[in-house]
Every structure is written in structure tokens, then in C-alpha cells.
Amino acid sequence: MCFGNKLKGEDPSSRLNNNYDHLNSRPVASDSQKKSWIQTAKVPQNNEYAPPTGPPPTHQNQQIPNHNDYQYVPPPGPPPSQEYTPPPGPPPAQEPYHDWQTAVPDTSLLPPPPSLGNQRSSTNNATEQQAEQGEAWCQQNPMMAPAHLPQGAIDAIDKGEIGVIKPRDYKGDLDRPRPGVWAGKTKANSPDSCITSAIPLYSVVAHSPLTTGFSRTIYYEVRINSNNRREVSLALGYNAPPYPTFRLPGWHRGSLAVHGDDGSKFINDRWGGKDFTQPFKAGDTIGLGMTFTARDMSAPPSYGPAQTTVSVPINVDIFFTRNGRKDGGWNLHEEGDAEEDLPVTGLEGLNDLYAAVGTFENVEFEIVFNPGEWMYHP
């Protein structure tokens with residue numbers, strides 16, 4: 001920004017003017033002064049330089065040492081002995097080996113975290129009054145001790161020639177078209193009901209691995225009619241007797257089931273169950289099995305499938321099949337939550353277990369106990 005009308009050459013502080021009275025101006029020499037400076041300063045014309053004689057002053061009195069003048073005399077006497085004298089007394093005790101694999105547990109052997117349960121089903125829910133009635137019935141009718149079955153009943157179990165008990169509240173047809181197969185069709189106004197097998201599929205006396213020394217697998221299938229409506233109002237599972245037949249399996253003690261309307265699994269759970277599989281569809285063949293294996297209580301942890309930390313004598317694995325293939329499963333104790341889940345008493349292989357098929361509203365199905373007609377063979 002300019003604050004006057006004078007140019008740089010007109011400024012009295014400029015070196016181009018002859019006025020040097022201004023404090024900010026720098027004086028400029030005249031031509032006569034420059035000539036006198038050049039004449040006074042004489043520049044030598046000869047550019048040749050000769051070094052001075054003799055060595056540099058610092059090297060006049062310095063002598064280079066001769067390494068041959070140095071002589072080394074060895075010390076007197078023989079060299080010191082190389083023998084080692086151990087310290088007195090026994091050697092210190094060796095510290096015990098720190099087995100870090102035992103001290104630090106391998107998290108791969110721990111059971112998976114429990115899945116969270118649902119407060120309500122996303123499809124159908126019974127009333128709270130019905131749930132309270134079922135609990136009251138269970139308290140009035142405690143679980144039964146294992147029964148001694150005749151040999152004929154045991155043979156019938158192996159052949160799949162098993163009958164069923166039609167519940168009192170069941171509304172519809174339930175017939176046996178051939179041995180080991182039961183066909184059912186309920187009405188639209190049929191309430192919650194539970195069909196049970198006439199004899200147990202798992203008998204403690206006859207099948208427990210604690211007495212036989214062998215694992216035991218029980219299994220059966222249910223076929224959903226291809227003409228069934230879109231929602232399959234059916235559940236399949238297992239019950240320890242007795243069980244309220246006006247309630248679906250899996251809702252009370254000693255019972256587990258997979259429900260077809262929402263695909264959830266229920267284990268003594270009268271709320272919303274836990275997410276497990278896809279809902280059943282018309283035309284599906286659904287199977288549910290349980291495998292009982294004696295547990296070696298003294299065996300250390302080993303690498304392999306996740307192990308439950310519950311100290312029970314029998315290991316129980318549940319598996320689910322759909323159309324001839326496995327479609328999930330769980331260990332009875334692996335996914336239990338001590339605070340949220342109710343006990344699994346009655347399902348641990350210490351009680352007889354019966355097949356349980358729950359129905360409500362309109363559904364058409366077949367219960368298949370005959371191994372020759374199964375799509376999946378465990």
C-alpha cells in the first residue's frame with residue numbers, strides 16, 4: 001500500500017540521491033574515491049609458491065618407534081592350573097518342571113457360551129395360565145423311577161414296533177397304517193396336546209451305558225404331509241414320564257423338543273425357547289435323536305470336540321435331521337446357563353425316555369418308528 005506520491009528515485013532515503021543526511025540512507029562512494037582505493041591496494045602478480053625448508057616444526061623432535069625394540073618377558077612360574085574344584089556339598093535340587101499346559105487351561109476344550117433364550121416365540125404362544133397349570137401338574141406328579149421292561153417290549157423297541165398314546169385333548173385322526181408308522185391329522189380347533197410312545201425308546205435298565213458298557217442312540221422321524229399348510233404346528237422331542245399331555249414337549253421338566261412353527265429348541269423351557277433351526281416345511285422329514293455315552297470321570301482333558309465341564313456320569317448328545325441329513329445338534333450340558341436355564345433333570349440318561357410329538361391346530365403328519373423307513377440311519 002502506498003502512502004505518498006513520490007517515486008522510489010525521488011525518496012531522499014534512496015541511495016541514488018547525493019543527499020546522505022537521512023539516517024536510513026546508505027552512502028555511495030564517488031568515482032575519485034574508487035580510484036584511490038584501487039591504487040592503494042596492491043595485488044601480487046607472482047602466483048608461484050615454494051614450500052619452506054625442513055620438516056614441519058611439530059615433527060622436528062619426534063622419533064618413529066621401532067617395534068623390534070619391544071621385548072616381552074613371560075611371568076615367572078608355570079601357568080595356572082585348569083583343574084576345577086566343585087563346591088562342597090551336594091548340588092542344589094532341580095526345580096520342578098512347570099507344566100504350563102496343565103496350569104493354563106486350553107480354551108478350545110471349554111464348552112461354547114450358552115445361547116440366549118427368547119422370552120416369547122415369534123409365532124405362537126400359550127397363555128401364562130396354561131403354563132402355570134402345567135407346572136402345577138408336574139409338582140403333583142413327580143417323575144417315575146426307571147421301569148423293568150419285559151423282553152418282548154425290548155425286542156419291539158429294536159424293531160420299531162412301537163405304539164402311541166393319543167392324548168385326551170387331541171382332536172383329529174391318529175391311526176396305524178402299518179407296523180411302526182402312525183398317521184395323524186388334527187383339526188383346526190385342536191388345542192396343544194402331546195402324543196407319547198407306549199413304551200420308552202430309552203430304558204435305563206436295558207440301555208444305560210453305565211451297565212452295558214456301550215453307547216445307546218435313540219431316534220425316530222416325523223414326515224410332514226406335502227399338502228400341509230405353510231405353518232407346521234408340530235413339535236417332536238422326548239419326555240421322562242409322567243408329562244402333562246395338554247402341553248407341548250420341551251415346556252416342562254424332563255422334556256426337550258424342537259418346534260416346527262419357529263424352529264426353536266425347548267429344554268424345560270416354558271418361555272420362548274432358543275434359536276436352533278429353520279421352521280419346518282410341508283413335505284419335510286424331520287428326525288430327532290439322542291446318544292448316551294458313559295463318561296470317564298478320571299480322564300484328563302484331551303484335544304478334540306468341546307467338552308462339558310459338568311460332572312455327570314453319562315454324556316448326552318442330541319442331534320437333529322432334516323430330509324435324511326444332520327441339521328444341527330447340541331450337548332445336553334454344554335449350553336446350559338446356571339442362572340437362566342432350568343435343570344435338565346430327567347434327560348441325563350438316568351430316567352426312561354419316551355418319544356413325544358406335540359400338535360396344535362391343523363397339521364397332517366406321520367410318526368415313523370420303523371428303522372426300515374427312515375431317511376437318516378444313525
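Okay, before anything else, one definition: two strands count as paired here if DSSP finds at least two bridges between them. Keep that in your pocket, and remember throughout that what you're looking at is a predicted model.

With that in hand, go to strand β7, residues 255-259, and strand β8, residues 264-267: they run antiparallel, and three bridges join them. To see where they face each other, find L256, which stands opposite I267 in β8. The two strands make a hairpin with four residues between them, and in that hairpin G263 has a positive phi near 75°.

Now keep going along the chain. β8 is also joined to β9, again antiparallel, this time by two bridges. Here K265 is across from K274 in β9. That's another hairpin, with six residues between β8 and β9, and the turn includes N268, whose phi is positive at about 50°.

So what do these strands belong to? They're part of an open sheet of seven strands, paired antiparallel, in the order β1-β4-β13-β6-β7-β8-β9. The edges are β1, at 164-165, and β9, at 274-275, each of which pairs on one side only. If you're wondering what pairing means at the backbone level, strands of a sheet pair through backbone hydrogen bonds, either parallel or antiparallel.

Let's look at the other edge for a second. β1 pairs with strand β4, residues 193-197, over two bridges, in the antiparallel sense. The residue to click on is I165, which sits opposite T196 in β4.

Okay, zooming out. The protein chain has six helices and 14 strands. It runs to 378 residues, and buried ones make up 35% of them. Take the contacts with a separation of 6 or more: 70% of those come from residues 24 or more positions apart. As for the outside, the chain exposes about 24,700 Å², with carbon and sulfur atoms supplying 53% of that.

Next, a helix. Which residues of α4 are buried? In this helix, residues 151-159, they are A153, I154, A156 and I157. They cover an arc of only 160° around the axis, and that puts them on the same side of α4. Turn to the face pointing away from that buried side and you meet the exposed residues Q151 and K159. And what covers the buried residues? The cover includes α5 (204-207) and β5 (216-224). Just after the helix comes G160, with a positive phi of about 80°.

Hold on to β5, because we'll need it for the salt bridges, where the count comes to 11. I'll show you three.

Number one: E135 and R270, whose side chains meet at 3.2 Å, N to O. E135 is in helix α3 (residues 128-140), while R270 is in the loop between β8 and β9, so this pair ties together parts that are 135 residues apart in sequence. That loop is the one from the hairpin we visited earlier. R270 counts as partly exposed because its relative accessibility is 28%.

Number two is R168 with D169, at 3.9 Å, N to O. Are they buried or exposed? R168 counts as exposed, at 76% relative accessibility. D169, at a relative accessible area of 29%, is partly exposed.

Number three is where β5 comes back: the side chains of E366 and R223 meet in a salt bridge at 3.1 Å, N to O. The pair links distant parts of the chain, with E366 in strand β14 (residues 364-368) and R223 in strand β5, 143 residues apart. R223 has a relative accessible area of 21%, which makes it partly exposed, since buried would mean under 20%. This pair also belongs to something wider: R178, R223, E366 and E373 are linked in a network of salt bridges.

Last stop, the surface. Y97, W100 and V104 form a nonpolar patch there, and together they have about 410 Å² of accessible area. Where is Y97? It's in the loop between α1 (31-40) and α2 (100-103). Y97 counts as exposed because its relative accessibility is 69%, and the cut-off for exposed is over 50%.

So if you open the model yourself afterwards, here's a route. Begin at the hairpin of β7 and β8, follow the sheet out to its edge strands β1 and β9, and then look at the buried side of α4. Finish with the network that includes R223 and E366. That's it from me, thanks!

Notes
Residues are numbered from 1 along each chain as its sequence is written. Side-chain values use heavy atoms; hydrogens and water are left out. Patches are made of residues with over 30% relative accessible area and no salt bridge: like charges are joined within 9 Å, nonpolar side chains (Val, Leu, Ile, Met, Phe, Trp, Tyr) within 5 Å. Accessible areas come from the Shrake-Rupley method with a 1.4 Å probe; for residues, only the protein chains shown count as cover. A salt bridge is a side-chain nitrogen of Lys or Arg within 4 Å of a carboxyl oxygen of Asp or Glu. Buried means under 20% relative accessible area, exposed over 50%, partly exposed in between (1.4 Å probe, protein chains only). The arc is that of the directions from the helix axis to the C-beta atoms. Contact means heavy atoms within 4.5 Å.
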